[in-house]
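Subject: Structure for your files, with notes

Hello,

Please find the structure below. My notes on it follow, element by element.

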Amino acid sequence: MTPSRVHILPDDLVNKIAAGEVIERPASVVKELVENAIDAGATRISVEIKGAGKKLIRVSDNGSGMTREEVGLSVERHSTSKISGADDLFHIRSLGFRGEALPSIAGVSVFELRSRAGNNGSALFAEGGKDKRIEDAGVPEGTSVTVKDLFFNTPARKKFLKSDYTENGHIGDIVSRYVMACPSIAFSLTIDDKNLISSPGSGELKDAVIAVYGVEIAKDLLEASASSGPVKVSGLVSRPATSRVDRQYENFFVNGRYVSNFLLNRALEETYRTLIPGNRYPVAILFIGIDPGMVDVNVHPSKREVKFENTQQVMHAVREAASSALKRALGTGAPSAGPGIGAYGETYQREWRPEMADALFPRTGQELPATRIEMEVSAVQPLIPVHQFRDTYIVTIDGADLVLIDQHAAHERIIYDRLSEKRPLDASQPLLVPETLELSPKENAALEENLEYLRSLGFDLEVFGNNSYILRAVPAVSARSNAKQMLSDLVSELMELGRSGKLEEKKERIRKLVACHSAVKAGDKLSSIEINGLIKDLYATANPTTCPHGRPTMVRITEAELEKRFGR
Ligand SMILES: Nc1ncnc2c1ncn2[C@@H]1O[C@H](COP(=O)(O)OP(=O)(O)OP(=O)(O)O)[C@@H](O)[C@H]1O
Ligand SMILES: [Mg+2]
């Protein structure tokens with residue numbers, strides 16, 4: 001008889017396969033262990049990381065703990081204390097319910113679990129899900145899980161991990177979300193012996209938000225709440241002035257579980273649409289309370305996504321919560337105000353003051369090498385400005401042609417080139433009032449890495465305690481920018497690039513962003529001296545016809561084109 005080709009896979013292999021779905025990276029381990037600690041009713045959870053979680057992840061809690069028998073069961077597949085029948089699947093209130101996390105983690109690591117229920121402690125050891133042994137052990141209250149050498153037996157997965165910086169970032173993200181989800185729990189996150197987050201567990205959402213985002217963001221948040229049928233939304237949303245460059249700061253929790261759901265992001269962003277520019281995003285920490293029967297949490301292997309029975313209703317409640325908070329803070333009708341209105345707009349539509357002229361058009365004192373100005377323009381006979389159209393475009397004459405210059409794009413090009421010059425910049429411009437800047441641990445890491453370059457550009461940034469800085473000066477070319485906004489955008493951008501990004505690429509992005517923030521804006525009225533300076537400086541650049549982002553700085557209408565259009 002030939003042996004059957006169909007056979008049941010051994011447990012350790014099954015766990016490895018399951019781990020592929022549930023445990024993508026060190027942060028997934030952290031997520032599962034923290035969720036277990038929360039489910040166990042802990043009021044204190046500490047997370048310790050070494051080597052970006054590849055060397056060590058330890059999550060300790062003071063929750064209910066497990067008996068020796070439970071400890072043994074906990075690492076078996078489909079063992080859970082959280083549901084018992086199919087009905088329960090539709091009424092899930094706990095974060096876990098599948099009984100998959102611990103066996104999956106144990107299957108791809110050197111695993112150790114210590115737990116105590118009552119007076120009896122026990123410890124379980126396993127390697128790659130094999131050679132399990134349990135012994136009695138002296139254990140402090142609660143449970144502590146230690147995961148070493150993650151993915152040691154799945155090298156392909158290990159290879160897919162990103163840099164330590166990125167993996168630590170993901171870990172910081174996960175912990176941050178749960179710090180905000182559970183303000184009554186005192187969390188601490190330590191990465192390579194450095195304490196990055198510690199929340200007081202006071203039960204106040206604001207305190208938890210401070211632990212994650214710092215006082216500055218927290219103080220700009222508005223209380224928000226609304227309900228729509230059985231859906232209740234409550235939490236905090238930002239004033240328009242506290243907008244960010246990405247969605248990272250939009251947090252949604254459904255029945256206490258952090259979820260990502262694009263429709264919720266959209267509902268929130270719609271509310272801010274006329275208050276902040278299209279490429280900026282609000283800060284929000286919103287809790288959605290809903291009958292567990294009306295939301296399916298079992299639709300994603302790592303439970304990151306959920307499906308609502310009535311998504312429209314949830315979106316409506318989110319919009320309501322945000323818009324009523326904004327209305328209360330900004331006056332009625334605020335969220336439907338016209339474009340450009342709102343606190344953010346104001347910071348950019350500041351009045352032109354003559355003393356800004358020097359910062360705007362600092363002289364280089366350099367004469368142009370003749371070869372630089374061949375393009376479509378002649379420097380010998382520079383453009384003659386005739387009008388500033390809509391305070392945005394400069395109408396000029398170039399011989400027989402008409403040339404329109406986009407003042408913002410042109411100024412961006414000038415500043416970008418100046419920042420790229422090898423020689424040190426002329427000066428930095430001290431701020432009238434130094435700004436303090438509080439960063440999240442992840443942001444701090446991103447900034448620290450580029451601090452030297454920023455300083456070389458003229459930023460005077462002084463370290464001020466844990467994750468905080470004082471900004472005393474900006475590059476001279478940035479005198480008219482909103483310094484704080486600029487720096488906080490820089491940090492977000494650097495974070496996005498991650499540690500893996502190339503150094504030169506980062507420097508370039510920094511220069512582009514500084515140039516964009518520092519340049520005159522569309523709508524800024526310019527004097528004729530400024531207009532002349534702008535044109536002259538533009539021609540002194542290596543690429544006067546495009547801005548650093550590649551858009552044109554000028555549009556030329558030739559004499560021939562005009563004649564054609566007038567049918568001459
Ligand atoms: N920190 C802890 N404190 C107390 N009990 C725990 C802890 N971690 C795990 N357990 C117990 O071990 C069981 C298995 O945990 P595991 O994370 O594998 O599954 P789960 O949480 O039930 O479901 P899921 O796979 O969705 O996370 C849990 O149901 C719980 O009873
Ligand atoms: Mg679990």
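Between which two elements is the loop that holds Phe 151? Phe 151 sits between β6 (142–148) and α5 (155–159); helices (H or I, at least four residues) and strands (E, at least two) are DSSP runs, numbered from the N terminus. More on Phe 151 further down.

Conventions

This is a predicted model, in which local features need pLDDT of at least 70 and side-chain atom pairs count only at pLDDT 80 or more, while totals for chains, interfaces and linings use all residues. Residues are numbered from 1 along each chain as its sequence is written, and chains are lettered from A and ligands numbered from 1 in the order in which they are written.

Overall

The protein has 18 helices and 22 strands. Of its 568 residues, 42% count as buried; that term requires 20 or more other C-beta atoms within 10 Å of the residue's own, exposed is 12 or fewer, and partly exposed is in between, with C-beta atoms placed from the backbone. Of the contacts with a separation of 6 or more, 70% are between residues 24 or more positions apart. A contact is a pair of residues whose C-beta atoms, placed from the backbone, lie within 7 Å.

Mean pLDDT (the predictor's confidence in each residue, from 0 to 100) is 83 for the protein, and 87% of the residues reach 70 or more. Over residues 333–381 pLDDT stays under 50, and the model has 67 contacts beyond four places in sequence for that stretch.

Ligand 1

The shell around ligand 1 holds 22 residues, the closest being Asn 36, Ala 40, Thr 80, Gly 96 and Ala 101. Two elements, α2 (26–39) and α4 (101–107), give two or more residues to this shell, and α2 gives the most, with three. A residue is in the shell if its C-beta atom, placed from the backbone, lies within 6 Å of the ligand. By class, the shell has six nonpolar, 11 polar and five charged residues. The nonpolar class is Ala, Val, Leu, Ile, Met, Phe, Trp, Tyr, Cys and Pro, the charged class is Asp, Glu, Lys and Arg, and the others, Gly among them, are polar.

Glu 76 is in the loop between α3 (68–74) and α4. It counts as partly exposed because it has 15 C-beta neighbours inside 10 Å. Its C-alpha atom is separated by 7.8 Å from that of Leu 102, 26 residues apart along the chain.

Helices α6, α14 and α16

The expected span of a helix is taken as 1.5 Å times one less than its number of residues. For α6, with 18 residues, the reach from first to last C-alpha is 26 Å, close to the 26 Å expected. Of these 18 residues, 14 are buried.

The 17 residues of α14 should span 24 Å at 1.5 Å a residue, and its end C-alpha atoms are 24 Å apart, so the two agree. There is nevertheless a bend of about 55° at Leu 451 in α14, the bend being the angle between axes fitted to the seven residues ending there and the seven starting there. Buried residues of α14 include Pro 441, Leu 447 and Leu 454. They pack against α6 (164–181), β8 (194–198), β20 (460–463), α15 and α16. Just after α14, Gly 458 has a positive phi of about 120°.

Helix α16 (503–518) has 16 residues and reaches 22 Å, close to the expected 22 Å. Among its buried residues are Ile 510, Leu 513 and Cys 516. Their cover includes α13 (407–420), α14 (441–457), β21 (468–475) and α15 (483–497).

Single residues

Two residues that are not glycine have a positive phi: Asp 131 at about 50° and Phe 151 at about 65°. Asp 131 is in strand β5 (130–136) and counts as exposed because it has 9 C-beta neighbours inside 10 Å. Phe 151 counts as buried because it has 20.

Pro 548 lies in the loop between α17 (528–539) and β22 (554–557). With 23 C-beta neighbours inside 10 Å, Pro 548 counts as buried. Leaving aside neighbours within four places in sequence, Pro 548 is in contact with Glu 412, Arg 413, Tyr 416, Lys 512 and Ala 515. The C-alpha atoms of Pro 548 and Ile 414, 134 residues apart along the chain, are separated by 9.2 Å.

Regards

Notes:
Contact = placed C-beta atoms within 7 Å.
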